[in-house]
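Got the viewer open? Here is a short tour, stop by stop, telling you what to select and what you will find there.

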Amino acid sequence: PDMPVEQVREQLRNVLAAIALEDPDIGYVQGMNFIVAFLIVAMRAAQAEDSTPSSQEAAEADVFTLFVRLLRHPRFCMRPLYTAGLPGLHVLNGAMGHAI
């Protein structure tokens, strides 16, 4: 479904600002926007039937909750990808280097 770009941008700003407030040690790190934008688009597509303002706010809250869980849940452990020095990224780069 077509999504108004400005509306998606506003949701993206809202979710990223909330994430930065939720975890001030990380704040906003470049690259978060790609994952959060994907989650917003996916959530909007799943809720295409209901485009009321309350459903859009609920979608923002769902995306926020999902991203925070991706950061904190031990199975996904994405937080080290965004902490100072990007230790998780260095681990992944090392693993890729060994795999190649």
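**First stop: Q11**

Select Q11 and you land in helix α1. Helices here (H or I, at least four residues) and strands (E, at least two) are DSSP runs, numbered from the N terminus. Before you go on, note that this is a predicted model, where local features need pLDDT of at least 70 and side-chain atom pairs count only at pLDDT 80 or more, while totals for chains, interfaces and linings use all residues. Residues are numbered from 1 along each chain as its sequence is written, and side-chain values use heavy atoms, with hydrogens and water left out.

Is Q11 buried or exposed? Q11 is buried, at 4% relative accessibility. Here buried means under 20% relative accessible area, exposed means over 50%, and partly exposed is in between (1.4 Å probe, protein chains only). Now show what touches Q11: leaving aside neighbours within four places in sequence, the contacts are I40, R44, Q56 and E60. A contact means heavy atoms within 4.5 Å.

**Across to E60 and A59**

Follow one of those contacts to E60, which sits in helix α3. E60 is buried as well, with a relative accessible area of 18%. Apart from neighbours within four places in sequence, E60 is in contact with Q11, N14 and V15. Try a distance label between the C-alpha atoms of E60 and N14: they are 46 residues apart along the chain and separated by 7.7 Å.

Next, click A59, also found in helix α3. A59 counts as buried, at 5% relative accessibility. Leaving aside neighbours within four places in sequence, A59 is in contact with M43 and Q47. Going from C-alpha to C-alpha, A59 and M43 are 6.3 Å apart in space, though 16 residues apart in sequence.

**Into the core**

Time to select I19, M32, V36, I40, V63, F67 and Y82 together. These have the most contacts inside the largest nonpolar core, which has 19 residues. Helices α1, α2 (32–46) and α3 each supply at least two residues of this core. A nonpolar core is a set of buried Ala, Val, Leu, Ile, Met, Phe, Trp, Tyr and Cys residues joined through side-chain atoms within 4.5 Å.

What does M32 touch? Setting aside neighbours within four places in sequence, M32 is in contact with L16, I19, I26, G27, F67 and Y82.

**Charged pairs**

How many salt bridges does a search of the whole structure find? There are three. A salt bridge is a side-chain nitrogen of Lys or Arg within 4 Å of a carboxyl oxygen of Asp or Glu.

Start with E6 and R9, whose closest N and O atoms are 3.1 Å apart. The two are three residues apart in helix α1, so about one helical turn separates them. E6 is partly exposed, with a relative accessible area of 47%, and R9 is partly exposed at 44%.

Add R13 to your selection: R13 forms a salt bridge with E6, with the closest N and O atoms 3.5 Å apart. R13 is partly exposed too, at 47% relative accessibility. Together, E6, R9 and R13 are linked in a network of salt bridges.

Then move to R72 and E22, a salt bridge with the closest N and O atoms 3.0 Å apart. R72 lies in helix α3 (residues 53–72) and E22 in helix α1, so this pair ties together parts that are 50 residues apart in sequence. Both are partly exposed: R72 at 43% relative accessibility, and E22 with a relative accessible area of 37%.

**Zoom out**

Finally, clear the selection and look at the whole chain. How many helices and strands are there? The protein chain has four helices and zero strands, and the pattern along the sequence is α-α-α-α. Of the 100 residues, 30% count as buried. Among contacts between residues at least 6 apart in sequence, 57% join residues at least 24 apart.

Last of all, color by pLDDT, the predictor's confidence in each residue, from 0 to 100. The chain averages 80, and 75% of the residues score at least 70. Confidence is highest in helix α1 (residues 5–22), at a mean of 93, and lowest in helix α4 (residues 87–99), at 61. Where pLDDT is low, the predicted coordinates should not be read in detail.
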